[in-house]
Amino acid sequence: MTAVAFVCLAAGLLVAVVLLIRQQQITTRFRRRANELEETARVRDEELRHLVTVRVPALVESLYGKPVEVPGPRNPSFAGTSAEQGIRAILRIFAEHAERAKERADQSAKATLKAMMRAVQSLGNEQQLAISTMQDRHDDPDVLEGLMKIDHMNAQLGRRAQATAVLCGSWPGQQRSAASLVDVLRGATSRIRDYLRVQVPPQVNIAVVSRAVEPVVLAVAELLDNAARHSQPNTTVEVNLRQAHNGVAIVIDDAGVAMDPEELQRAERLLSGRESVDINRLGDPPQVGFAVIGVLAARYGFRVAVDSRSPYGGVRAVLFLPSELLTQIDTGPAPVHAEPRPAPIEAPAAPPTPRSPVSPPAREEQTTTAHGLPKRRRVTAGNGTGEQPLPSVGAPAPSTRPARETAAGMGAWQRGTRAGRSIVSPDSEGNVAE
């Protein structure tokens, strides 16, 4: 009986030991699993914090054009997991929706700005017509000097409105005939505030084709304005023409502050015209110059580049016009019409008006015949021979006269023209009617 009890007790102890060992194994396995789950939860919490504090802000900055790299998971063990794949899907959906929202906002802003700039341009054109009418009516030097200043300011206003409209997808809005490179440069110079500081090269017999005249004028004006604003007021902005086998380069050098590498990279991106420009990222106030030039360059086929290799320590800008945008012009004398009409007075003094690069206006000179009868003949401003002088390639550019002196000359011309028109032409018998 005792032996049977002992065997039963031993068997029970053995079963208990087996159960204890099994329970220990189960407990260890569950403890390991719990530790793994705790580690997974901790990693996920860290990744969520990393997502909110680092990855999403970096993604937002990259969507707005900043050179920021969006980082991946913080913990290498988290990469490739189902949770990490879900986070990547969320980021992708967020980026797509943010990109579409940005495009809609940009298109809406551009459409609004385009409509506003059209209204501003229309008012500017009406104001230009009123200024030209007043220039024809007045011969007082003080009045003409004030009108020339207003005309010049109106040209600058028109350029800014035109540049903003182009940036928003509009066309330059003006169609011109082919014009010489020098006239294009003078037309661009007349649209900036510090036009007196620009040195324009002498006349050449190369012209810009009709469709590219206004875009090139606007692009060069933006480059000249940028060069003048970022250099000392007592320095000059030098413009040179360099002919190549496949086109002509317009080289603009200033003696201002050079650009650092980051600014040069940003300018290169904008001038290339390869990427869409977000008007919300052009600064406050917006710096639209390089962006507008890039749009025009991509649309019309010329190239623009800037660097800090100017011999004067500032920035050198090069606008290259390929042969497709160039043509030849006839430099012969303009024909003399039988009934000349005085051309409208242009402003500012040295460069042509902001409206277009044109030749100097013609005037009328009154003389008398052998019988004492009045006679008028057409004389172009400058040489008094009826022919427009064209300086040779090696001749220096014409000097710039002060606005006061030009206004006085215009006033005298207006008075002489009116005096000549007040005399009635003689009849067939030679009698002069009063």
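Q: Which residues lie nearest the centre of the second largest pocket?
A: In this predicted model, the second largest pocket has a volume of about 760 Å³. Its lining comprises 32 residues. Those that lie nearest the centre are N226, R229, H230, Q287 and G289.

Q: Which helix gives the most to the lining of the second largest pocket?
A: At least two lining residues come from each of α3 (141-167), α5 (210-229), α6 (261-272) and α7 (289-300). By class, the lining has 19 nonpolar, 5 polar and 8 charged residues. With 6 residues, the helix that gives the most is α5.

Q: Which helix supplies the largest share of the largest nonpolar core?
A: The largest nonpolar core holds 58 residues, of which I252, F302 and L321 touch the most other members. The largest share of this core, 12 residues, is supplied by α5.

Q: Which residues does L321 touch, not counting those up to four places away in sequence?
A: L321 is one of the residues that touch the most other members of the largest nonpolar core. With residues up to four places away in sequence not counted, L321 touches L181, V208, V216, N246, G247, V248, I250, F302 and L326.

Q: Is L63 buried or exposed?
A: L63 lies in helix α1 (residues 2-63), and its contacts beyond four places in sequence are F94, A95, A98, E99, K102 and R281. The C-alpha atoms of L63 and A98 are separated by 7.7 Å, although the two are 35 residues apart along the chain. Because the relative accessible area of L63 is 13%, and the cut-off is under 20%, L63 is classed as buried.

Technical notes:
Residues numbered from 1 in each chain as written. Predicted model: local features only at pLDDT ≥ 70, side-chain atom pairs only at ≥ 80, totals over all residues. Heavy atoms only, no water. 1 Å grid on protein atoms, 1.4 Å probe; cavity = no way out; pocket = protein on both sides within 12 Å on 5 of 7 lines; lining within 4 Å. Points joined across faces, edges and corners; volume = space filled by probe spheres on them. Helix = DSSP H or I, 4+ residues; strand = E, 2+ residues; numbered from the N terminus. Nonpolar A, V, L, I, M, F, W, Y, C, P; charged D, E, K, R; others polar. Core = buried A, V, L, I, M, F, W, Y, C linked by side-chain atoms within 4.5 Å. Buried < 20%, exposed > 50% of the residue type's maximum accessible area, 1.4 Å probe, protein only. Contact = heavy atoms within 4.5 Å.
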